[in-house]
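Subject: Structure handover

Hello,

I am passing this structure on to you, with notes on what was found in it. Please read them with the model open beside you.

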Amino acid sequence: MTRFIYDEFSKDYLEELLQDFGEIQAPYKISSEVREIDVYFSPFPQQNPNIKKLGLLGDLAKTPAIFEPYRNSVTDEQIEDCILKLLEVKRVLRKEFKDKNTKIPDHQIPRLWIITPTLSDRILSSFGAFSSTKFCQGVYEIAEYFRAGIVVIHQLPETPETIWLRILGREKVQSKAIDELLSLDTDEQFKRKTLELFYVLMDRIAIRNPKTITEVNMKRLVNYYQQDRDLAVQEGKTEGQLSLVIRLLTKKFQEINPNITQKIQQLSLEKIEELAEALLDFNQYQDLENWLQQNQ
């Protein structure tokens with residue numbers, strides 16, 4: 001269950017950081033076999049200059065991209081599955097343009113970026129991956145035809161440009177990235193978004209199995225989290241937590257009835273945080289309505 005929660009965090013994290021710069025589809029379903037892409041990103045025609053603040057992640061998102069983040073080191077089979085998803089997307093796009101009697105422009109074909117904490121030289125070699133000359137150390141490209149690359153987080157240089165990807169690493173790498181995150185200015189927009197998502201993740205894990213918090217390098221965040229939450233209460237920051245929950249629910253159910261939104265707005269901060277954890281298990285809209293009826 002913890003791994004599933006962290007997978008959800010990775011998708012929500014990438015979506016939150018990139019939503020101001022393009023259209024996000026997460027998950028993006030393709031083919032009759034219902035393959036799901038974790039995050040499908042299409043940049044806006046007029047590029048937002050703030051994307052530069054995302055460093056390496058922003059560079060990867062300057063063109064249409066498929067992001068497939070992995071909590072554990074990606075396997076041969078998982079890489080193969082990602083490439084199959086990419087090829088299926090290319091097939092669908094080509095068909096759409098063929099129906100219009102036009103050829104798909106090269107810049108509209110997405111690039112696949114597999115994000116993994118570590119990866120063996122054997123797997124890199126078996127896929128013909130080579131160090132990219134366009135990006136920094138730790139970024140590998142596969143044969144150009146596939147338009148695919150692999151980001152090995154633990155090989156990335158410890159610079160401000162890579163922090164937003166190193167956050168998705170493990171153990172010492174993630175721990176160092178968290179230290180850098182907490183040292184950023186309080187008004188840094190991506191810091192606030194990232195911490196909000198970490199807070200939700202930490203609550204979900206703590207409720208299910210508190211011992212696993214150390215596994216994701218967040219034990220040091222507990223005091224910071226508590227202080228920040230207390231300050232949020234003092235400043236009437238319930239609105240910030242409420243906004244996050246509404247965004248997560250909208251992402252899950254596409255549209256929220258205004259009456260339901262009003263009921264959520266009437267919840268206490270404690271209940272809003274409980275809802276943030278509970279919504280992970282909602283399978284249908286009725287589950288949300290039932291929860292609100294029981295917790296109103």
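Strand β9 is largely enclosed by the rest of the structure, because five of its five residues are buried. Please keep in mind that this is a predicted model. From β9, Ala148, Ile150 and Val152 point one way, while Gly149 and Val151 point the other way. Residues on both sides of the strand are buried.

Two strands pair with β9 as follows. β6 (111–116) runs parallel to β9, and five bridges link the two. Within that pairing, Trp113 has Gly149 of β9 as its bridge partner. Strand β8, residues 139–141, runs antiparallel to β9 and is joined to it by three bridges. Here Val139 has Val151 of β9 as its bridge partner. β8 and β9 also form a hairpin, with six residues between them. Arg147 lies in the turn of that hairpin and has a positive phi of about 50°.

β6 is mostly covered as well: six of its six residues are buried. Arg111, Trp113 and Ile115 point one way from β6, and Leu112, Ile114 and Thr116 the other way. The pairing of β6 with β5 is parallel and has five bridges. In that pairing, Pro69 stands opposite Ile115 of β6.

Now the sheet to which these strands belong. It is an open sheet of seven strands with mixed pairing, in the order β1-β4-β5-β6-β9-β8-β7. Its edge strands are β1 and β7 (130–131), each of which pairs on one side only.

Towards the β1 end, β4 and β5 run antiparallel and are joined by three bridges. Phe41 has Ala65 of β5 as its bridge partner. β1 and β4 are antiparallel too, with four bridges. Phe41 appears again in this pairing, as the partner in β4 of Ile24. Gln25 is matched in β4 by Tyr40.

One helix should be viewed together with the sheet. α3 lies across β4, β5 (65–69), β6 and β9 (148–152). Relative to β6, α3 runs at about 160°.

There is also a pocket to look at. The second largest pocket has a volume of about 290 Å³. It is lined by 12 residues, and the closest to its centre are Tyr40, Ser42, Pro64, Leu93 and Gln108. Which elements each supply at least two residues of this lining? They are β1 (22–25), β4 (39–43) and α3 (76–99). Tyr40, the bridge partner of Gln25, is thus a point where the sheet and the pocket can be viewed together. By type, the lining residues divide into six nonpolar, four polar and two charged.

Some totals for the whole chain may help you place these details. The chain has 12 helices and nine strands. It contains 296 residues, and buried residues make up 51% of them. Among contacts between residues at least 6 apart in sequence, 63% join residues at least 24 apart.

If you are opening the model for the first time, you could start at β9, where five of the five residues are buried. From there, follow the sheet order through β6, β5 and β4 to β1. The second largest pocket can then be found from Tyr40 and Ser42, two of the residues closest to its centre.

Regards

Definitions and conventions
Residues numbered from 1 in each chain as written. Predicted model: local features only at pLDDT ≥ 70, side-chain atom pairs only at ≥ 80, totals over all residues. Heavy atoms only, no water. 1 Å grid on protein atoms, 1.4 Å probe; cavity = no way out; pocket = protein on both sides within 12 Å on 5 of 7 lines; lining within 4 Å. Points joined across faces, edges and corners; volume = space filled by probe spheres on them. Nonpolar A, V, L, I, M, F, W, Y, C, P; charged D, E, K, R; others polar. Pairing = 2+ DSSP bridges. Contact = heavy atoms within 4.5 Å. Axes fitted to C-alpha atoms, helices over the stretch in contact; angles between N-to-C directions. Buried < 20%, exposed > 50% of the residue type's maximum accessible area, 1.4 Å probe, protein only.
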